Each structure stands twice: as structure tokens, then as C-alpha cells.
Amino acid sequence: MTRIILPRLDNRQARHLFLDKHGLAEAPKGPAKGEDLLNVIRQIGFVQVDSINTVARAHHMILFARRPAYKETALKKLLEKDRALFEHWTHDASIIPTEFYPHWHLHFRRHREKLSERWQKWRREGFLDKIDGVLQQITETGTCTSGDVGENEQRKSGGWWDWHPSKTALEYLWRTGELAVCHRTNFQKAYDLSERVIPQDIRSNVPHEAETIEWAATNALARLGFATSGEIAAFWDLITPAEAKDWCQKALADGRIIEADIEMVPGHKPRQSFLFPETLDQLADLPEPTSRVRILSPFDPALRDRKRAERLFGFHYRIEVFVPEPKRQYGYYVFPVLEGDRLIGRIDMKALRAEDRLHVRAFWPELGVRPSKARLKKLEAELDRMARFAGCSTTTFEPDWQRSA
């Protein structure tokens with residue numbers, strides 16, 4: 001039996017395509033507000049929200065890496081005033097273009113049954129009995145936070161999983177679409193009825209399940225450049241792996257997508273993936289990634305899939321927040337560093353705002369990356385930009401901040 005020879009993307013082409021799709025190939029520039037900022041989020045699909053504020057929160061760092069002119073108020077306006085964005089769940093809490101909201105109805109439907117069963121086992125009992133009361137309270141009194149519901153319920157300090165019943169009910173109503181996050185204050189979510197937050201014409205659009213599967217798979221592959229069916233399913237986390245696999249088989253049979261071998265870094269076998277046929281024609285015109293050094297959030301879309309980043313860039317990364325300090329290899333919360341089409345290292349830094357300085361504890365270059373004067377100069381220029389973004393006027397360094405690979 002003759003083996004079909006698939007098209008092949010070498011590792012350099014694959015990196016360039018991947019970075020271009022994630023908005024990290026072009027020089028970081030643009031007004032970073034209004035339609036320009038919205039287009040950045042459309043391009044990458046969503047930005048993950050995270051509470052850790054070592055330098056700046058993840059969603060802000062993701063946007064700053066692509067638009068150095070970015071200001072937090074620009075995102076706030078799009079999200080809380082213009083309602084061009086909404087906050088909900090992909091693989092984690094994320095900020096998403098509101099035009100995509102209709103496809104989250106599938107998420108809402110599937111989570112009503114799943115969460116009501118799962119959370120009765122994982123959370124404290126009684127939250128289902130609180131749902132009607134919480135919904136009535138918000139209907140009558142308007143926006144509320146978790147501190148405004150269940151006033152007579154016992155609060156515990158057991159962690160995020162130990163919510164009081166009305167807090168669980170509040171989150172359940174958000175996850176299933178009855179409520180929406182209308183704003184945050186000091187990172188605490190405030191909720192209101194979805195009908196008061198999401199524009200009516202968008203909220204009332206409820207696509208058929210097959211439409212959402214088609215949308216989710218097509219738009220995931222468009223943003224990844226190349227992907228397996230599992231990676232397509234994981235991108236939005238809206239559809240199941242089986243649904244993504246079925247979509248790939250049908251789209252392949254229809255000629256809408258093709259298969260190709262994607263070359264990974266040495267030590268990893270080529271990975272058979274799907275891509276759109278026109279992608280092959282675009283490879284020759286891909287921009288050469290800018291040589292500017294950029295510091296990325298650990299939750300940047302380009303790094304969200306840690307295994308994919310390791311195969312494609314040879315960059316092994318894990319967050320050590322939950323690793324006991326004596327066992328940490330690098331630090332509590334270190335940031336990946338991108339130069340051109342390479343992840344060249346990681347940096348441990350913290351904004352000491354009370355002291356008006358960004359302090360760098362250490363920079364570890366990757367194996368084979370020479371910390372030349374030119375490279376260090378570019379890194380220090382990025383650190384100065386990062387300091388200003390974090391609201392600090394200076395950058396300081398530990399005496400031994402330049403570490404070996």
C-alpha cells in the first residue's frame with residue numbers, strides 16, 4: 001500500500017505561522033484602544049483573566065505585549081461601557097468579543113446539568129436551594145458581588161472551593177448564562193442579569209448546536225494555524241474532543257482542510273496536524289518575526305498549551321506558584337521572554353510600587369542562548385517599558401541577576 005506523502009512545514013515555518021496567528025510576529029505598535037484593541041482580541045480569540053499581580057495581571061500583559069501603548073482603561077471601556085467584550089469561560093475565565101456570545105449558549109446549556117451535579121459533591125450543600133433567592137435579589141436590587149448575597153451564611157477560609165451556598169449559586173447562575181459579569185472592582189466580580197449587560201440582539205441569537213460546533217472548530221483552527229482535533233477542541237473549550245474529531249473528518253473529506261506534518265524541535269517527532277489549504281500558499285509571505293525582545297505573561301495564548309510550546313519552541317515552562325519555595329527551580333512567578341521566533345529565557349521580576357521600581361531578581365537564558373551585550377540591551381529596554389507599564393519609574397537589579405542556562 002502506497003503511503004501518502006503529506007505536505008510538511010519545517011520548524012521555522014511552523015514557528016513563524018504560529019507567532020503570526022498570535023499577533024507576536026509583527027512589530028508591537030498601534031493605538032491600543034477602541035477598534036484597534038478589539039481587533040487584537042478578535043485575532044487571538046480571547047485573553048485569559050488571572051488575579052496574580054506581580055507586575056500586572058495576565059489580561060493586561062497579554063495586550064501590552066502586542067500594543068505597548070496599551071492602557072488598562074482602554075480595556076475597561078470596551079468591557080464595561082461599550083459592552084464590546086464580555087467575561088466568561090474558555091479553558092479558564094477569559095475576556096471574549098461580545099459578537100462571539102451567541103455560541104456560549106451551548107456552554108450554558110451543557111453546564112446547567114453538569115455543574116448542578118458536580119458542585120453538589122464538591123461545594124457545600126444547599127446551593128441549589130439558593131438559586132431562586134439570589135436571582136430574585138439581583139432582579140430587584142441590581143448589581144451585586146458575592147459579599148452581597150447569603151449574609152447569614154457561614155463564611156469559611158478554606159479556599160476558592162469552599163464557597164458559601166449563595167456564592168456558589170451566584171457563580172452557577174453566571175456559568176449557566178442567567179447572570180453576566182458587569183464590572184470588577186479590585187478584581188472582585190460584580191454580577192447583574194445578562195439581559196442588562198449583553199445587548200439584546202446578541203443575547204437573543206441562539207445558534208443550533210451544529211452551528212456552534214462548526215464555528216468553534218473553524219475559528220480555533222484559524223487562530224492556531226495548524227492543530228490536531230484535540231487542540232481544536234481545547235481552544236475555546238466549547239465542544240468535545242469527539243465533536244472536534246468528527247468535524248475534522250468531515251472537513252477533510254470535503255476538502256475544507258488538509259493534513260500536514262509539522263516539524264518540531266529536535267527530540268520530538270513531526271506532528272500530523274490539520275490546516276486550511278490556503279495556509280500553505282501563505283507561508284512564503286509570512287513576516288519575519290520582529291527581533292524586539294518581549295516579556296510575556298505565563299498565560300499568553302501562545303503559551304497556554306504548555307506541551308505545544310515545548311514541542312514547537314523547545315521551551316519547558318511551569319508556574320511554580322504552588323510549589324514550596326525550597327523546591328522551586330526558578331521562582332514564584334517567572335515570565336517567559338520572546339525574541340524573534342525563539343523563547344530565549346525566563347525572568348523573575350516584581351513591581352515594588354511602594355518603592356517606585358521594577359525589581360529584577362534573575363534572568364535565566366535558555367540553553368544555547370548567548371547573553372550578548374546587544375541582547376541584554378534589548379532586554380533592559382523591554383524592562384524599562386515594562387516598568388513604566390507597571391507604574392514604576394525605575395528598574396533595579398539583583399547583583400547576580402544574570403544567571404547561566
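Helices and strands are DSSP runs numbered from the N terminus, a helix (H or I) having at least four residues and a strand (E) at least two. In these terms, the predicted model is described below through one sheet and the helix across it, a pocket, two cavities and two residues with positive phi.

The sheet is open and consists of five strands in the order E9-E10-E11-E12-E13, with mixed pairing. Its edges are formed by strand E9 (293–295) and strand E13 (394–397), each of which pairs on one side only. From one strand to the next, the twist averages 35°. Within the sheet, strand E11 (residues 342–352) and strand E12 (residues 357–365) run antiparallel and are joined by eight bridges. Arg346 stands opposite Trp364 of E12. Such pairing proceeds in general through backbone hydrogen bonds, either parallel or antiparallel. Helix H15 (residues 373–389) lies across E9, strand E10 (335–339), E11, E12 and E13, and the helix runs at about 45° to E9.

H15 also takes part in enclosing a cavity. The search of the whole structure returned two cavities of 30 Å³ or more. The second largest cavity, with a volume of about 40 Å³, receives at least two lining residues from H15 and at least two from H3. Its lining comprises Pro28, Phe64, Ala65, Pro68, Arg292, Arg294, Glu382 and Arg385. By class, four of these residues are nonpolar and four are charged, with no polar residue.

The largest cavity holds about 50 Å³ of space. Its lining is made up of Phe86, Glu87, His88, Tyr101, Phe108, Trp174, Leu179, Ala180, Val181 and Ile198. Strand E3 (85–89) and E5 each contribute at least two of the lining residues. Eight nonpolar residues are found in this lining, together with one polar and one charged residue.

E5 is likewise represented in the second largest pocket, whose volume is about 460 Å³. This pocket is lined by 23 residues, and those that lie nearest its centre are Arg57, His59, His60, Glu72 and Phe187. Two or more lining residues come from each of helix H3 (58–66), helix H4 (72–81) and strand E5 (179–185). H4 gives the most, with six residues. The pocket lining divides into nine nonpolar, seven polar and seven charged residues. H3 thus appears in the lining of the second largest pocket as well as in that of the second largest cavity.

Two residues were examined for their backbone conformation. Most residues other than glycine have a negative phi. Ala32, located in the loop between helix H1 (11–21) and helix H2 (34–44), has a positive phi near 60°. Asn186, which is found in the loop between E5 and strand E6 (188–193), has a positive phi near 50°. With regard to solvent, Ala32 is classed as buried because its relative accessible area is 2%, a value under the 20% cut-off. Asn186, by contrast, is classed as exposed because its relative accessible area is 77%, which is over the 50% cut-off. A positive phi is therefore found both in a buried loop residue, Ala32, and in an exposed one, Asn186.

How values were computed
Residues numbered from 1 in each chain as written. Predicted model: local features only at pLDDT ≥ 70, side-chain atom pairs only at ≥ 80, totals over all residues. Heavy atoms only, no water. Pairing = 2+ DSSP bridges. Axes fitted to C-alpha atoms, helices over the stretch in contact; angles between N-to-C directions. Contact = heavy atoms within 4.5 Å. 1 Å grid on protein atoms, 1.4 Å probe; cavity = no way out; pocket = protein on both sides within 12 Å on 5 of 7 lines; lining within 4 Å. Points joined across faces, edges and corners; volume = space filled by probe spheres on them. Nonpolar A, V, L, I, M, F, W, Y, C, P; charged D, E, K, R; others polar. Buried < 20%, exposed > 50% of the residue type's maximum accessible area, 1.4 Å probe, protein only.
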